[in-house]
Amino acid sequence: MNSDLTSEVHDLKFRLQWGQPGFTIIDVRDRHTYNQSRITGAIAIPLNELVERATSTLHKDRHIYIYGNEDTQAGYAVQLLRAAGFTNVIHIHGGLSAWRTVGGATEGIAA
C-alpha cells in the first residue's frame with residue numbers, strides 16, 4: 001500500500017487516540033455492510049442521503065472523514081459534499097482495509 005495514500009488513516013487514528021474533537025467519520029456503504037464491520041465511531045449515511053443529512057446535521061467547516069466500498073465510491077461522496085459547501089472533507093483511501101492495516105479499532109457483528 002502506498003504510504004501517501006495511507007496518510008488519512010494515520011491522521012484519523014492519531015486524532016482518535018488523542019481524543020481530538022470536532023470531526024465525523026462517515027461510512028457510505030450499504031447498511032448491511034456497515035453493520036458487519038466499520039471504523040469505530042463511524043456513522044452510516046448512504047450516498048443517496050449524504051448531502052441532505054450532512055447539510056442538516058453537520059457544520060460546513062467540520063472535519064469529515066469518508067470511506068466506502070472502494071475508493072471510487074468514497075471519492076464521489078467527497079465530491080458531493082465539497083459541491084454542497086463542506087470545506088474539510090477527507091477521503092480515507094483504502095477504506096476499512098487500510099484502517100485495519102494500521103491497527104485501527106473496528107466495531108460491528110464481524111469486527
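Ile25 has its bridge partner in β4, and that partner is Tyr65. This comes from a predicted model, and the pairing is a handy way into the sheet. Strands β1 and β4 run parallel, with five bridges joining them. On its other pairing, β4 meets strand β5 (residues 88-91), again in the parallel sense, this time over four bridges. Here Ile66 is matched with His91 of β5. To get from β4 to β5 the chain passes through helix α4 (residues 71-83), and the resulting β-α-β crossover is right-handed. Strand β4 is also mostly covered, with four of its five residues buried.

Tyr65 turns up again in the aromatic contacts. The structure holds just one aromatic pair, made by Phe23 and Tyr65. The two rings sit edge-to-face, 5.8 Å centre to centre and with 80 degrees between their planes. Phe23 belongs to β1 (residues 23-27) and Tyr65 to β4 (residues 63-67), so the pair ties together parts of the chain 42 residues apart in sequence. Both partners are tucked away: Phe23 is buried at a relative accessible area of 13%, and Tyr65 is buried at 4%. Another ring, that of Tyr34, has a charged neighbour instead: Arg38 lies over its face, 4.4 Å from the ring centre.

What about the nonpolar interior? In soluble globular proteins, nonpolar side chains tend to be buried together. In this model the largest nonpolar core has 14 residues. Those with the most contacts inside this core are Ile26, Leu50, Ile64, Ile66, Leu81 and Phe86. Helix α3 (50-57), strand β4 and helix α4 are the elements that give two or more residues to the core, and α4 gives the most, with four. So the helix of the crossover between β4 and β5 is also the top contributor here.

Ile26 shows how varied the surroundings of one core residue can be in sequence terms. Leaving aside residues up to four places away in sequence, Ile26 touches Ile43, Ile45, Leu50, Leu58, Ile64, Tyr65, Ile66 and Tyr67. A second, separate core has 13 residues, among them Phe23, Ile25, Ile39 and Tyr65. Both rings of the edge-to-face pair are thus found in this second core, together with Ile25, the bridge partner of Tyr65.

Technical notes
Residues are numbered from 1 along each chain as its sequence is written. This is a predicted model: local features need pLDDT of at least 70, side-chain atom pairs count only at pLDDT 80 or more; totals for chains, interfaces and linings use all residues. Side-chain values use heavy atoms; hydrogens and water are left out. Rings of Phe, Tyr and Trp (its six-membered ring) pair if their centres lie within 6.5 Å; planes under 30 degrees apart count as stacked, over 60 as edge-to-face and the rest as tilted. Buried means under 20% relative accessible area, exposed over 50%, partly exposed in between (1.4 Å probe, protein chains only). A charge sits over a ring if NZ of Lys or CZ of Arg is within 6 Å of the ring centre and within 35 degrees of the ring normal. Two strands pair if DSSP finds at least two bridges between them. A crossover is right-handed if, with the strands pointing away from the viewer, the path from the first strand over the helix to the second runs clockwise. A nonpolar core is a set of buried Ala, Val, Leu, Ile, Met, Phe, Trp, Tyr and Cys residues joined through side-chain atoms within 4.5 Å. Contact means heavy atoms within 4.5 Å.
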